Amino acid sequence: MNCSESKTIVIAICGASGALYGIRLLKALLERNTHVYLIVSSAGKSVLKHECGYKGEAFEEFLCSKGIHPIPQATLTILDEHDFFTPPASGSFRHDGMVIAPCTMGTLGAIAAGLASNLIQRAADVCLKEKHPLILLPRETPLSTIHLTNMLKVTRAGATIMPPCPSFYTGAQSIDDLVDTVVARALDHLGIEQNLVKPWAQA
Ligand SMILES: Cc1cc2nc3c(=O)[nH]c(=O)nc-3n(C[C@H](O)[C@H](O)[C@H](O)COP(=O)(O)O)c2cc1C
């Protein structure tokens with residue numbers, strides 16, 4: 001896989017705790033050679049307000065306030081969670097993968113059941129049928145048998161379950177550093193070069 005070529009990635013931020021995972025992933029992608037399609041659920045926006053200081057302003061403005069700016073080779077397209085007239089809703093849109101960070105148990109359950117009631121669920125459903133990489137960062141604790149069964153179901157359908165469990169062996173000094181240990185694994189799975197965390201052998 002050529003890691004340096006330009007990629008197109010769909011990111012969704014759902015209303016689970018850990019909105020920062022989605023924001024740090026977005027930052028990492030926009031600092032690289034990537035075209036990002038972003039979908040934030042309405043619950044995701046509520047959690048962003050609660051956890052990350054989002055005030056309901058235009059999302060680009062919010063990202064700017066967090067020091068997140070696309071490099072000239074990157075682009076950001078923000079999509080409404082109810083707009084099915086958008087590229088990720090269609091199997092004809094070729095892209096390099098979708099990450100739901102964080103993913104709620106509700107959205108996980110909907111994907112496992114084959115529902116497509118909003119653009120996040122539909123885009124994930126399309127990924128599974130089109131065999132695009134689909135990476136879910138499901139966040140809940142503890143997990144019920146329903147949650148675990150849904151994780152198994154989507155894994156069998158082709159998704160990757162990547163629980164947002166930070167690594168503490170990397171020398172992380174801040175919450176951002178810890179979050180980036182998870183973001184780094186998502187980038188690895190998307191085939192995007194990252195220098196956020198050194199591979200274990202080079203630590
Ligand atoms: C502050 C806050 C934190 C939440 N954390 C979680 C969570 O960690 N995991 C989860 O599955 N749901 C969590 N929820 C509940 C979801 O937001 C809720 O089920 C919502 O309907 C999910 O919608 P979505 O999947 O479309 O984003 C949380 C809600 C709030 C307000």
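This is a chat about the fold, the core and the ligand shell of a predicted model.

Reader: To start, how many helices and strands are there in the protein chain?

Author: The protein chain of this predicted model has 7 helices and 6 strands, and, read along the sequence, they follow the pattern β-α-β-α-α-β-β-α-α-β-α-β-α.

Reader: In what order do the strands lie in the sheet?

Author: The 6 strands form an open sheet in the order β3-β2-β1-β4-β5-β6, and the pairing is parallel. At the edges stand β3, residues 75–79, and β6, residues 160–161; each has a single partner strand, so one side of each is left without a neighbour in the sheet.

Reader: Okay, and over how many bridges do β2 and β3 pair?

Author: Strand β2, which covers residues 34–40, pairs with β3 in the parallel sense over 5 bridges, and within this part of the sheet His35 stands opposite Thr75 in β3.

Reader: What about β5, which strands is it joined to?

Author: On one side, 4 bridges join β4 to β5, and these two run parallel; here the bridge partner of Val99 in β5 is Ile135. There are also 2 bridges that join β5 to β6, again running parallel, and Leu136 stands opposite Ile161 in β6.

Reader: Are the residues of β5 buried or exposed?

Author: Strand β5 is mostly covered, with 5 of its 5 residues buried. Leu134, Leu136 and Pro138 point one way from the strand, while Ile135 and Leu137 point the other way, and all of them are buried.

Reader: Switching topic, which residues have the most contacts inside the largest nonpolar core?

Author: That core has 56 residues, and those with the most contacts inside it are Ile11, Leu25, Ile100, Leu136 and Ala186. Helix α1, residues 19–30, gives the largest share of this core, with 9 residues.

Reader: And what does Ile11 touch?

Author: Leaving aside residues up to four places away in sequence, Ile11 touches Gly22, Leu25, Leu26, Val36, Leu38, Val99 and Ala101.

Reader: Now the ligand: which residues come nearest to it?

Author: Of the 16 residues around the ligand, Cys14, Gly15, Ala16, Ser41 and Thr104 come nearest. The elements that give two or more residues to this shell are α2, residues 42–52, and α4, residues 105–112, and the largest share, 5 residues, comes from α2.

Reader: How many residues of that shell are polar, charged or nonpolar?

Author: By class, the shell around the ligand has 9 polar, 2 charged and 5 nonpolar residues.

Reader: You mentioned α4, so which of its residues are buried, and what covers them?

Author: The buried residues of α4 are Thr107, Leu108, Ala110, Ile111 and Ala112, and what covers them includes the strands β4 (98–103) and β5 (134–138) as well as the helices α5 (119–130) and α6 (145–156). Just after α4, Gly114 takes a positive phi of about 75°.

Reader: Last thing, what radius of gyration does the protein chain have, and what would a compact globule have?

Author: With 203 residues, a compact globule would have a radius of gyration near 17 Å, and the protein chain has 16 Å, which agrees. Along its principal axes the C-alpha trace spans about 40 × 40 × 35 Å, and buried residues make up 40% of the 203 residues. Among the contacts with a separation of 6 or more, 78% are accounted for by residues 24 or more positions apart.

Key
Residues are numbered from 1 along each chain as its sequence is written. This is a predicted model: local features need pLDDT of at least 70, side-chain atom pairs count only at pLDDT 80 or more; totals for chains, interfaces and linings use all residues. Two strands pair if DSSP finds at least two bridges between them. The radius of gyration is taken over C-alpha atoms; the globule rule is 2.2 Å times the number of residues to the power 0.38. A residue is buried if 20 or more other C-beta atoms lie within 10 Å of its own, exposed if 12 or fewer, and partly exposed in between; C-beta atoms are placed from the backbone. Two residues are in contact if their C-beta atoms, placed from the backbone, lie within 7 Å. A residue is near a molecule or strand if its C-beta atom, placed from the backbone, lies within 6 Å of it. Ala, Val, Leu, Ile, Met, Phe, Trp, Tyr, Cys and Pro count as nonpolar, Asp, Glu, Lys and Arg as charged, and the others, Gly among them, as polar. A nonpolar core is a set of buried Ala, Val, Leu, Ile, Met, Phe, Trp, Tyr and Cys residues joined through C-beta atoms within 7 Å.
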